[in-house]
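Colleague: Please take one part of this model and look at it closely, beginning at the surface and working inward. I would like one connected account, with the cut-offs given as each term comes up.

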Amino acid sequence: MKIGIPRALLYYKNEKFWTTFFDEIGAEYIVSPETNKEILTRGENISIDETCLPTKLLLGHIDWLIDKCDYIFIPRVAFHRGYEMCTKFLAQTDLVCNTFRDRNIKTLFYNVYDKKYNRERKAVKKMGKFLGVKRSRIKYAYTTAKQAQQYFEMFREQHQQKVLEESGKIKILLVAHAYNVGDKYVGEPVLGTLKSLGCEPIIAEYMNEAKCIRASLEVSKTMPWAYNRHLLGAIELLKDEVDGVILLTTFPCGTDSMVNELIVRKYKELPIITLTVDSQDGTAGMETRLESFVDIIQLKKERA
Amino acid sequence: MTHREVVACFPHIANYAYAFKYLFENGFEVKYLIPPPITKNTLELGSKYSPDYVCVPFKYCMGCYLEALDLGANCLMQIYGGCRLNYYGELNDCILHDMGYKFEFFDMAAVDWHSPKSIFENFRIINPEMSIAKIVKAAPVTLKIIKMLDKFEDFIRHNVGFEVNDGEFDRTYKEFLKKLENLSDGKELKKLGKTYWKKLNGIKLNKPAKTIKVGFIGDYYTVQEPFSNYFMEKELAKFGMEVYRQMNLTSTLINKEHRKSQKTAKKYAKFNLGATANCTVAEAIKFAKEGCAGIIQVKSFGCTPEIDAMPILQNVSRDFNIPVLHFSFDSQTSETGIKTRLEAFYDMVEARSGK
Ligand code: SF4
């Protein structure tokens, strides 16, 4: 039995966790490749027009996986660290089942449906049982997988911290959801441009999630979404250490449409630019805008 | 009986302002301002001060607030829900304060509903000396108003397309609303209800035994606020169709239909999709089973849960062999485009009903 993991949405948050878990329980799996033109076009074609780009990409990746595996892994997560998720993460299992109804897909999933702190553990246990794995092995695999993810994130953060302290370049904080930063079609062109302009991209997503969420409470009392709080907190923590902020968002993102407005209002002293990526034009026109953004920051720095 | 000249106000949704007015004036003992009716101006004003890509109900709320502030409202209120609505309040509040307005903001999303202390403290924003006894007394009447509004509007929805004298329903209902505005107690409401129920029932109809029924579904705001759906129910009635709609405050707040909806929709959606999406699916199934000739889904552009309901609705449409038409509204939707699509829809369902 082979499991297919779409390289989209939650994958970018849990890569090490999932792959380690499946490795440890001895399950065979494939991960869809980096987003390419074909995946993008397929995703675009099978989605409702108005769907946000990351969800279109999810469907594109699943389409790629369909005849290459037995089960497709689509977790459902309604809450994270006690906060809400965008409704897309609540709906994705049903969305996928309905979109691909005629193609008889089988889904493997786990369901984090409430705020209980051990809900994820229980959900993973259930999934392991479904896969016919012994309980003790699931337990061990879960712990190992969690650790793997933790170390990965810690290492990533420490590395970035070092860059923050040592780099003499212009530092630009890239604020974008994990699945946007990591995607070949969305985040990569932006990172590439920043580097070619001689800047040091600092990635908000790489900052410690728990710490960021705590920091976000200083800025917003009622913001419901865990992922947006993570990003907002990163700005709050780094506002004095970076020279500018890029709000990279995908069209039409529900949560960002409001949170970005708040960010622009709360951090008036920070140079901020918003880049919106959609499925049609991608990052077209972005280079020129980034160039002038960096120019302005450069000028400001020289004057100071 | 007003206290320290608090003037409270919710943004408009359908005609519920009359129920809220009763609750706030008789229960909380503060003044309640019914904002001016929504117009194009409201939407333009609201859009001007809202983020570009936010869903359009947010823009309507902003417009309503701005118009109400100019008329002296000083305690704005916002509800919460299972989607972006949970963040409306804070952002409304932040933008309006940045614009320099002075007001209090009662944000239901900021209340911790598990903590009596938090509930009490938040409600004190409206009136620090509120009397629980008075609120408890006003609440049942408020619910009765809501039920009455919904019952009347349902009746109108089923019949307005067949009135003999154009505009009679509209006139009668408006008259009723006017009277509601200065309601003194439950007794008066009962009397008023009786009188107008009779009046509505007495309106001359020319209704065939078999009508073309159409189900009206969509996101919480757009389906309920006629301005935001370009008065689509009225347009449908003009074609001589009977409009069915389940979504209203009675079904969600009082009858808790959404719990049943979860079950009805189960075959298509195993889990909660967020906000009202499961209701949307369940209603579509229900209307299809009840013999509607077509279904119309209205929603604001970018509404995430309703977008996820669309592929599901398409499956419902195939299984029940019923056409489903989708409308997405933002602040720049063209009216003529809507009309053309409705005409085509009508032609199709008419042909299918074998008339
Ligand atoms: S947060 Fe935005 S981009 Fe992410 S899934 Fe939700 S709507 Fe799509």
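Modeller: I begin with B:K178, which is exposed at a relative accessible area of 57%, where exposed means over 50%, buried under 20% and partly exposed in between, with a 1.4 Å probe and protein chains only. This is a predicted model, in which local features need pLDDT of at least 70 and side-chain atom pairs count only at pLDDT 80 or more, while totals for chains, interfaces and linings use all residues. Residues are numbered from 1 along each chain as its sequence is written, chains are lettered from A and ligands numbered from 1 in the order in which they are written, and side-chain values use heavy atoms, with hydrogens and water left out.

The side chain of B:K178 meets that of B:E181 in a salt bridge of 3.8 Å, N to O, a salt bridge being a side-chain nitrogen of Lys or Arg within 4 Å of a carboxyl oxygen of Asp or Glu. B:E181 itself counts as partly exposed, at 28% relative accessibility. Over all chains the structure holds 36 salt bridges, and elsewhere in chain B a network of them links B:E153, B:D154, B:R157, B:E233 and B:R245. The surface also has a nonpolar patch, formed by B:F120, B:I132 and B:V136, with about 290 Å² of accessible area together. Such areas come from the Shrake-Rupley method with a 1.4 Å probe, and for residues only the protein chains shown count as cover. Patches are made of residues with over 30% relative accessible area and no salt bridge, like charges being joined within 9 Å and nonpolar side chains (Val, Leu, Ile, Met, Phe, Trp, Tyr) within 5 Å.

From here I turn to the part that I would examine most closely, the parallel sheet of chain B. Its 4 strands form an open sheet in the order β2-β1-β3-β4. Strands β2 (31-32) and β4 stand at the edges with a single partner strand each, so one side of each is left without a neighbour in the sheet. Strands (E, at least two residues) and helices (H or I, at least four) are DSSP runs numbered from the N terminus, and two strands pair if DSSP finds at least two bridges between them.

Strand β3 (residues 75-78) is joined to the parallel strand β1 (residues 7-9) by 2 bridges, and to the parallel strand β4 (residues 104-107) by 4. B:L76 is the bridge partner of B:C9 and is also paired with B:F105 in β4, while B:Q78 has B:D107 as its partner in β4. In a regular strand the side chains alternate between the two faces of the sheet. In β3 both faces are covered, with B:C75 and B:M77 on one side and B:L76 and B:Q78 on the other, all of them buried.

Between β3 and β4 comes helix α4 (residues 85-98), and the three elements make a right-handed β-α-β unit: with the strands pointing away from the viewer, the path from the first strand over the helix to the second runs clockwise.

This helix also leads to the other chain, where B:D98 forms a salt bridge with A:R265, the closest N and O atoms being 2.9 Å apart. The pair crosses between chains, from helix α4 of chain B to helix α11 of chain A. Both partners are partly exposed, B:D98 with a relative accessible area of 40% and A:R265 with one of 21%.

Helix α11 of chain A (residues 254-266) is the last element on this path, and 10 of its 13 residues are buried, so it is largely enclosed by the rest of the structure. The buried ones include A:G254, A:M258 and A:I263. Its 13 residues should span 18 Å at 1.5 Å a residue, and its end C-alpha atoms are 19 Å apart, which agrees; the expected span is 1.5 Å times one less than the number of residues.

The loop between β11 (244-250) and α11 of chain A holds A:P252, which is buried at a relative accessible area of 10%. The peptide bond from A:F251 to A:P252 is cis, with omega near -20°, and it deserves a check, since most peptide bonds are trans.
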